[in-house]
Protein chains: 4
Amino acid sequence: MSECENCKHKHREGEEYRSLVNRLSRIEGQVRGIKSMIENDGYCTDILVQVSAAQAALSAFAKELLGEHIRTCVAEGIRGGDEAVVDELITTVQKLMR
Amino acid sequence: MSECENCKHKHREGEEYRSLVNRLSRIEGQVRGIKSMIENDGYCTDILVQVSAAQAALSAFAKELLGEHIRTCVAEGIRGGDEAVVDELITTVQKLMR
Amino acid sequence: MSECENCKHKHREGEEYRSLVNRLSRIEGQVRGIKSMIENDGYCTDILVQVSAAQAALSAFAKELLGEHIRTCVAEGIRGGDEAVVDELITTVQKLMR
Amino acid sequence: MSECENCKHKHREGEEYRSLVNRLSRIEGQVRGIKSMIENDGYCTDILVQVSAAQAALSAFAKELLGEHIRTCVAEGIRGGDEAVVDELITTVQKLMR
C-alpha cells in the first residue's frame with residue numbers, strides 16, 4: 001500500500017521502539033480498565049476521566065511516532081528524491097490535527 | 001470517590017451496556033493491532049492512520065457515554081436537588097472538549 | 001429557533017458578560033493579526049503558532065460559556081421540567097468534543 | 001526569529017494567497033458575529049454552535065497553510081540541506097495535533 005523501503009528498517013530501534021511499545025501497552029491497559037469499569041457499573045464521571053486520559057496517551061503516542069517519522073522517513077525520502085512522501089505526510093498530518 | 005447512588009444501577013442496561021462494551025472491545029483490538037504493527041516494523045503512515053481511527057472510536061465512545069450520563073445521572077440528580085452533579089458535569093465536559 | 005425564555009436574561013451579566021466579550025475581542029484581534037501576517041508574507045511557522053493560540057483561546061471561550069450555560073439555563077430548565085434542554089445540551093456538547 | 005529566506009517569497013501567491021485571506025476574513029466575521037450574539041443576549045446553544053463552526057474554519061485554515069508549508073518551505077529546506085526546518089516542523093505539527 002505504501003512504500004518506505006529505504007528507511008523502514010532503520011528507525012524504531014532500541015529505546016525508541018521500546019518507548020512506543022510501552023506507551024501502547026499502557027494504553028491497552030487503560031482501555032481494558034475502562035471496559036472493566038463499565039462491566040462493574042462504575043460511575044460515568046470516573047469512566048469519562050479515564051477516557052480523557054486514554055485520549056491524551058494516544059495523542060502523545062501519535063506525536064512521538066509522527067515526530068520520528070518526519071525526522072527519518074520523510075527527511076530521507078525527500079533527500080532521496082521521493083516526492084510521494086510529501087503528499088503522504090500532508091494527508092497523515094491533516095488526519096491527526098484537531 | 002463520587003456518588004450517583006440513586007441512578008447508577010438504572011442506566012447502562014441491555015442494549016446500551018452491550019453497545020459500550022462492544023465499542024471498547026473494538027478499541028482494545030485497534031490498540032493491540034497498532035502494537036503489533038510496531039512490533040512487525042509496519043510503515044509509520046499506516047500506523048498513524050490506525051491511531052487516528054482509534055482516536056475517533058474513543059471519541060465516539062465518550063460521546064455516547066456522556067450523552068447517556070447527561071440524560072440519566074445528571075438530569076435525575078438535578079431534579080432530585082443534587083447540586084454537586086452540575087459542577088462535576090462541567091469539569092468532565094471541559095476535559096473532553098477540544 | 002431555540003428557547004430559553006425563563007433564563008436567558010438572567011445570566012451573562014456584569015463580570016461574566018465582560019469576560020466573554022473581552023475574550024472575543026482578543027480572539028478577533030488574533031485572527032486579524034494572522035491575516036496581516038499572511039498579507040505581509042510572514043513565515044508559515046510563526047503564523048501556525050498564532051493559529052494554535054487562537055484555537056486555544058476559542059476553546060477557552062467555549063468552555064467558559066458552556067460551563068455558564070450548564071450552571072444556569074440547563075440546571076434551571078431541568079428543574080422547571082423543560083426536557084428539551086437535555087437533548088439540546090447533548091447535541092451541543094458532542095459538537096464541541098474532540 | 002525564524003528563517004525561510006529562500007522560500008518565503010515564492011509561495012502563497014495568486015489563488016493560494018487569496019484562498020487563505022478569504023478564509024481568515026470569514027473567520028473574523030464569525031468571531032465578530034459571536035461577539036454580537038453575546039452583546040444581544042443570544043441563546044447559549046446558538047452561540048456555541050457558531051463557536052464550533054469557527055473552530056472548524058480555523059482548523060481548515062491551519063490544514064491548508066500547513067499543507068502548503070510542507071509542500072514548499074519544508075521540502076525545499078530539506079533538499080537545500082537546512083536541517084532546522086525538520087525540528088521546526090515537528091514542533092509546529094505537534095502544537096496543532098489534537
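A salt bridge here is a side-chain nitrogen of Lys or Arg within 4 Å of a carboxyl oxygen of Asp or Glu. Keep that rule in hand for the tour.

This is a predicted model, in which local features need pLDDT of at least 70, side-chain atom pairs count only at pLDDT 80 or more, and totals for chains, interfaces and linings use all residues. Residues are numbered from 1 along each chain as its sequence is written, chains are lettered from A and ligands numbered from 1 in the order in which they are written, and side-chain values use heavy atoms, without hydrogens or water.

**Stop 1: chains C and D**

Select C:Lys35 and D:Glu28. Their side chains form a salt bridge, 3.2 Å from N to O. The interface of chain D and chain C holds 4 salt bridges. Now colour the helices of chain D (DSSP runs of H or I, at least four residues, numbered from the N terminus). α1 (14-39), α2 (44-79) and α3 (84-96) of chain D each give two or more residues to the side that touches chain C. α2(D) gives the most, with 18 residues.

Widen the selection to the whole contact (heavy atoms within 4.5 Å). It takes 48 residues from chain D and 48 from chain C. The two chains bury about 4500 Å² between them, 68% of it on carbon and sulfur atoms. Buried area is the accessible area (1.4 Å probe) that two parts lose on being put together, summed over both. Pick out D:Ile38, D:Tyr43 and D:Leu48: they supply 16% of the area that chain D buries against chain C, more than any other three residues.

**Stop 2: chains B and C**

Show chain B beside chain C. Here 22 residues of chain B are in contact with 22 residues of chain C. In chain B, B:Lys63, B:Met97 and B:Arg98 lose the most area to chain C, together 30% of what that side buries. The area buried between these chains is about 2100 Å², with 63% from carbon and sulfur atoms.

Zoom in on C:Glu83 and B:Arg79. Their side chains meet in a salt bridge of 3.2 Å, N to O. The count between chain B and chain C is 4 salt bridges.

Which surface do the copies use? 100% of the interface residues of chain B are also interface residues in chain C, so the copies meet through the same surface.

**Stop 3: C:Glu16**

Finish in helix α1 (residues 14-39) of chain C, where C:Glu16 sits. C:Glu16 is buried (under 20% relative accessible area, 1.4 Å probe, protein chains only), at 15%. Add C:Glu64 and C:Glu68 to the view: C:Glu16 touches both, not counting residues up to four places away in sequence.

Technical notes:
Buried < 20%, exposed > 50% of the residue type's maximum accessible area, 1.4 Å probe, protein only.
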